[in-house]
Amino acid sequence: MVLWVKRNNHRHHFVKVSIKSIHSELNRNAEFAYKKSQQQFFKEGIELYGVRIPVVRKIAAAQWREVRKLDKKNIFALCEELLKTNMQEDSVIAYGFAHRMRKKLELKDFAVFERWVKSYVNNWAKCDDVCTGALGELIAMYPQLIQKTVAWQKSKNRWVRRASAVALIVPVKRANILPDVFAATDALMADEDDLVRKGYGWLLKEANNVYPKEIFAYVMKYKANMPRVALRYAIEKMPKDWKKQAMA
């Protein structure tokens, strides 16, 4: 995909953005041994070039110099083309570009991110990238959007269910959405998927940084029902004596 976009109505001022150039840089920096080592972190399998994340972000930063000249619609279109490849590094770059647009996000952009979550997220890393990036930023700006994520809690897609919790991590640091955090955790409490459990456990851990007493009280109330993996995540940053009580 090559985008040629005219800027500012100047006839001869164009911006060239090529996915081919992004892929060329990724291939040039791929490491076979690293690619092989990353497979162990994804039980469901993963497609990747084998480029270390700091290098991927460096490539993305270099490409952003051109990408930033596009309007938001074209940037999102470019991101979607990258997501369609299913390559892990492409998703890191796509979600990174979207996050760089955070100050320009609008309420209507939720539909774009919801489509990405449901269509292109197929492992925990992609889920966390979009949820703690652009999607989380958008929900923090417009907390009323949380209501649109409630239906995700009952999705047959494990990543959509995980997203219903992880997407609240950025907002809980900026807005009083504790009732929504507890509602999401209640809904996912008995989820059979370990990665969904870890997702809401992570949410509780981050919420604990802002509301320690409330999270501790919640954990103590539900610790008998909470799966061990979620409980361990939730209490990770608590004082030692609180952890001891929670694990008793």
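# A guided tour of the helices and their contacts

Select Leu83 first; this residue sits in helix α4. The model on screen is a predicted one. With a relative accessibility of 5%, Leu83 counts as buried. Add Tyr120 to the selection: the two residues are 37 positions apart in sequence, while their C-alpha atoms are 6.3 Å apart in space.

**From α4 to α5**

Move along the chain to Asn86, in the loop that joins α4 (72-84) to α5 (88-100). The backbone here deserves a check of its torsion angles: phi of Asn86 is near 70 degrees, a positive value in a residue that is not glycine. Asn86 has a relative accessibility of 21%, and because buried means under 20%, this residue counts as partly exposed.

Next, select the whole of α5. The distance between its end C-alpha atoms is 19 Å, which agrees with the 18 Å that its 13 residues should span at 1.5 Å a residue. Helix α5 is largely enclosed by the rest of the structure, because 10 of its 13 residues are buried. Among the buried residues are the charged side chains Glu89 and Asp90, together with Val92, Ile93, Tyr95 and Phe97.

**The positive patch**

Now show the surface and select Arg68, Arg100, Arg102, Lys103 and Lys104, which gather there in a patch of positive charge. Within this group, Lys103 belongs to the loop between α5 and α6 (110-120). Lys103 counts as exposed, its relative accessibility being 80%.

**Salt bridges across the chain**

The model contains 16 salt bridges. Three of them are visited here.

Begin with Glu31 and Arg52, whose side chains form a salt bridge with an N to O distance of 3.2 Å. This pair links distant parts of the chain, 21 residues apart: Glu31 lies in the loop between α1 (19-28) and α2 (32-38), and Arg52 in the loop between α2 and α3 (53-67). Glu31 is partly exposed at 34% relative accessibility, and Arg52 is likewise partly exposed at 39%.

Stay in this region and select Ala30, which is also found in the loop between α1 and α2. Ala30 is partly exposed, with a relative accessible area of 32%. Draw a distance from Ala30 to Val51: the C-alpha atoms are 4.6 Å apart, although the residues are separated by 21 positions in sequence.

For the second bridge, select Lys72 and Asp109; their closest N and O atoms are 2.8 Å apart. Lys72 lies in helix α4 and Asp109 in the loop between α5 and α6, so this pair ties together parts that are 37 residues apart in sequence. Are these two residues buried or exposed? Both Lys72 and Asp109 are buried. Add Glu106 to the view, since Lys72, Glu106 and Asp109 are linked in a network of salt bridges.

The third bridge joins the side chains of Glu206 and Lys237, with 3.8 Å from N to O. Glu206 is part of helix α13, whereas Lys237 is in the loop between α15 (228-235) and α16 (240-247), so the bridge ties together parts 31 residues apart in sequence. The two partners differ in their cover: Glu206 counts as buried at 10% relative accessibility, and Lys237 counts as partly exposed at 44%.

**Helix α13**

Keep Glu206 in view and extend the selection to the whole of α13, residues 194-208. This helix has 15 residues and reaches 21 Å from its first C-alpha to its last, close to the 21 Å expected at 1.5 Å a residue. Most of α13 is covered, with 12 of its 15 residues buried. Besides Glu206, the buried residues include Leu195, Val196, Tyr200, Trp202, Leu203 and Leu204. Lys205 and Asn208 are also on the buried list.

**A last pair**

To finish, select Tyr34 in helix α2. Tyr34 counts as buried, with 13% relative accessibility. Then add Lys108 and draw the C-alpha to C-alpha distance: the pair is 39 Å apart in space and 74 residues apart in sequence.

Technical notes
Residues numbered from 1 in each chain as written. Heavy atoms only, no water. Helix = DSSP H or I, 4+ residues; strand = E, 2+ residues; numbered from the N terminus. Buried < 20%, exposed > 50% of the residue type's maximum accessible area, 1.4 Å probe, protein only. Patch = residues over 30% accessible without salt bridge, like charges linked within 9 Å, V, L, I, M, F, W, Y side chains within 5 Å. Areas by Shrake-Rupley, 256 points an atom, 1.4 Å probe, with all protein chains shown as cover. Salt bridge = Lys/Arg side-chain N within 4 Å of Asp/Glu carboxyl O. Charge placed at Lys NZ, Arg CZ, Asp CG, Glu CD. Expected span 1.5 Å × (residues − 1).
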